[in-house]
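Below are some notes on the model, set out as numbered points. Please read them with the coordinates open.

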Amino acid sequence: MKKQFLMITLAGWAIVSSCAKRDNTGNPVKPENSQATRIEFAVTDGTTGFAIPNATIDVKAPDGKESQLTAGKNGAASFLAVNGKFSFTVNGQGYNQLETYFSTGEDSVIYAHVNLDPTNQAAATTGRDASTSNMITISGYLSDADEHAPLANVELDLGAYKARTDGKGYFSTSFPVDPGKSNPEVKPENITLSAAKAGYTTHVLKNFYLVPGSYTFKIQLRSTSSPSQNSNMRAGNEEVEYLRQGLFDRTASEAQQREAAAVAAENNTNALGKAAAALALPTSIRVGLSCSCLTCSSVQVMSLESYTESGLDNEWISSWKAASLQAGAVAYRSYGAWHALHPIRSNYDISSTPCSQAWGSETASSTINAARATAGISLYQNGAIFRSEYSAENNNAGCGDGFSGTGSSWPCISDTRCAGRATNGHGRGMCQWGSSFWASDKDFRWILNHYYNPGGVVVQ
């Protein structure tokens with residue numbers, strides 16, 4: 001009997017439910033035997049965070065049967081998955097298609113925010129460059145957390161500066177950065193950003209580092225009467241979000257958990273017979289959000305390239321030279337791709353914290369440019385995507401001063417430009433500070449080969 005689907009539209013949400021749920025043998029599913037997961041989708045523009053009305057989500061069930069959801073005007077859709085892995089293909093007019101999947105059993109509810117890339121990416125980045133090296137430009141888009149619609153007249157507090165959104169929910173302001181405080185040789189000054197509007201919970205973003213450049217934020221404000229759940233971020237009448245920068249903020253404990261999580265993910269993947277040795281990069285990635293290290297309460301789905309563009313500034317310093325950022329983009333992309341093939345959890349591939357690879361929804365124009373200049377390039381070892389390790393300073397990590405590497409888990413590499421610097425990391429793979437020193441006269445391929453090729457890793 002062919003499964004019948006009922007489409008219901010309620011309060012802007014498109015809901016698909018099965019009138020007669022059956023297992024893969026065609027027998028009715030008994031409640032005590034079912035593993036059901038409700039997936040709450042929000043489909044939005046990857047640049048602005050605004051809803052994509054009438055986006056379609058094609059669903060393929062474990063038994064091969066297909067159905068389709070149509071998102072409401074707020075980009076929202078809901079699907080009840082029962083017993084197994086479901087594939088989803090998301091489309092919106094004027095946007096690139098995105099494919100992802102979710103599985104039942106581990107979670108009863110999945111909050112999945114799907115970010116689609118505009119077909120015309122060039123138009124999305126116009127005007128993002130700061131005018132001088134001692135200036136910082138902070139722009140952004142403010143939206144309602146439930147309706148995903150632009151919010152006008154939101155007041156933003158940016159340290160000593162203020163801004164306000166226009167009728168399209170957009171704001172932008174520039175101000176000088178003290179050269180002494182923005183010297184990338186020392187930890188930069190950081191500020192707290194806040195966005196407030198009557199009738200909404202104030203959204204606070206802490207720990208934004210003042211590195212010269214141009215940055216764009218996507219910020220959602222939650223109505224004080226909102227039914228949506230986000231209690232893990234709430235502090236009184238505020239929602240607090242901590243921005244983490246892996247190079248500055250990763251703790252020794254997080255670094256250890258990062259390695260342990262990667263080993264566990266690889267063992268789990270191999271145990272399931274899903275060892276990934278394919279040359280092709282995955283096209284999308286599921287990023288866990290609102291995380292306590294590796295345990296996350298929601299997930300952002302995006303293209304692998306958008307993940308690289310938006311996350312690189314959370315691991316590299318965005319004011320570094322282009323060759324360093326380009327080398328970092330390849331390493332960042334490779335690490336993300338490896339986890340997309342070796343997920344940390346069944347319903348997200350990687351967390352957004354320094355416990356795996358730091359990521360934030362804000363973007364920097366310099367790292368977007370670096371990611372696009374290296375689009376599709378990754379690191380491989382023995383024909384498989386390589387989990388591209390890197391750490392802040394690999395000098396003297398086991399091979400002596402002036403050398404990167406450990407001599408055991410990673411080969412010794414002459415790295416004279418880092419001589420005299422204190423070790424800060426595990427010593428394997430790329431030295432991030434070293435990439436910035438070599439970028440003065442080397443290109444990104446030279447930097448990658450310098451740090452990875454001795455370990456049998458190639459760039460392609």
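**Notes on the cysteines, two threonines and a strand pair**

1. The sulfur of cysteine 431 has its closest cysteine sulfur in cysteine 418, at 3.8 Å, which is too far for a bond. The same holds from the other side: for cysteine 418 the closest cysteine sulfur is that of cysteine 431, 3.8 Å away, and no bond is possible at that distance because a disulfide needs the sulfur atoms within 2.5 Å. Cysteine 431 is buried, at a relative accessible area of 0%, and cysteine 418 also counts as buried, with 0% relative accessibility. The pair should be described as unbonded in this model, which is a predicted one.

2. Confidence should be stated alongside any claim. The average pLDDT of the chain is 87, and 84% of the residues score at least 70. Residues 1-33 stay under 50 in pLDDT, although the model has 65 contacts beyond four places in sequence for them. A further stretch, residues 123-131, has a pLDDT below 50 and makes 16 contacts in the model beyond near neighbours in sequence.

3. How many disulfides does a search of the whole structure find? The search gives three. With the bonded cysteines of the chain numbered in sequence order, they pair as 1-3, 2-4, 5-6.

4. One disulfide is formed by cysteine 291 and cysteine 296, with 2.0 Å between the sulfur atoms. This link of cysteine 291 and cysteine 296 is right-handed, with 105° about the S-S bond. Cysteine 291 is partly exposed, with a relative accessible area of 22%; cysteine 296 counts as buried at 15% relative accessibility. The two labels fall on either side of the cut-off, because buried means under 20%.

5. Cysteine 293 and cysteine 355 form another disulfide, again with the sulfur atoms 2.0 Å apart. Their torsion about the S-S bond is about -110°, so this disulfide is left-handed. Cysteine 293 sits in the loop between strand E19 (284-292) and strand E20 (295-303), and cysteine 355 in the loop between strand E21 (350-351) and strand E22 (363-364), so the bond ties together parts that are 62 residues apart in sequence. Cysteine 293 counts as buried at 17% relative accessibility, and cysteine 355 is buried with a relative accessible area of 1%.

6. The disulfide of cysteine 399 and cysteine 412 has its sulfur atoms 2.0 Å apart. It is left-handed, because the torsion about the S-S bond is about -80°. Cysteine 399 lies in the loop between strand E25 (390-391) and E26, while cysteine 412 lies in the loop between E26 and E27, so the pair joins parts that are 13 residues apart in sequence. Cysteine 399 is buried, with a relative accessible area of 16%, whereas cysteine 412 is partly exposed, with 45%.

7. Threonine 406 is placed in the loop between strand E26 (403-404) and strand E27 (413-414). It is buried, with a relative accessible area of 14%. Which backbone nitrogen does the side chain of threonine 406 reach at 3.1 Å? That of serine 408. A polar atom of the threonine 406 side chain also lies 2.9 Å from the backbone nitrogen of serine 409. Neighbours within four places in sequence aside, threonine 406 contacts Ala397, Gly398, Cys399, Pro411, His426, Gly427 and Arg428. Of these, Cys399 is a partner in the disulfide with cysteine 412.

8. Threonine 201 belongs to strand E15 (residues 200-209). Is threonine 201 buried or exposed? It is buried, at a relative accessible area of 9%. Not counting residues up to four places away in sequence, threonine 201 touches Leu221, Arg222, Thr224, Asn237, Glu238 and Glu239.

9. Strand E13 (residues 170-176) has alternating side chains. Phe171, Thr173 and Phe175 point to one face and are buried, while Tyr170, Ser172, Ser174 and Pro176 point to the other and are not. E13 pairs with strand E10 (residues 135-144) in the antiparallel sense, over seven bridges. Within this pairing, serine 172 in E13 is the bridge partner of serine 139, and serine 172 is one of the residues on the face that is not buried.

How values were computed:
Residues are numbered from 1 along each chain as its sequence is written. This is a predicted model: local features need pLDDT of at least 70, side-chain atom pairs count only at pLDDT 80 or more; totals for chains, interfaces and linings use all residues. Side-chain values use heavy atoms; hydrogens and water are left out. Helices (H or I, at least four residues) and strands (E, at least two) are DSSP runs, numbered from the N terminus. Buried means under 20% relative accessible area, exposed over 50%, partly exposed in between (1.4 Å probe, protein chains only). A polar contact is a pair of N or O atoms within 3.5 Å; within protein, one must be able to donate a hydrogen and the other to accept it, and residues adjacent in sequence count only if both atoms are side-chain atoms. Contact means heavy atoms within 4.5 Å. Two strands pair if DSSP finds at least two bridges between them. pLDDT is the predictor's confidence in each residue, from 0 to 100.
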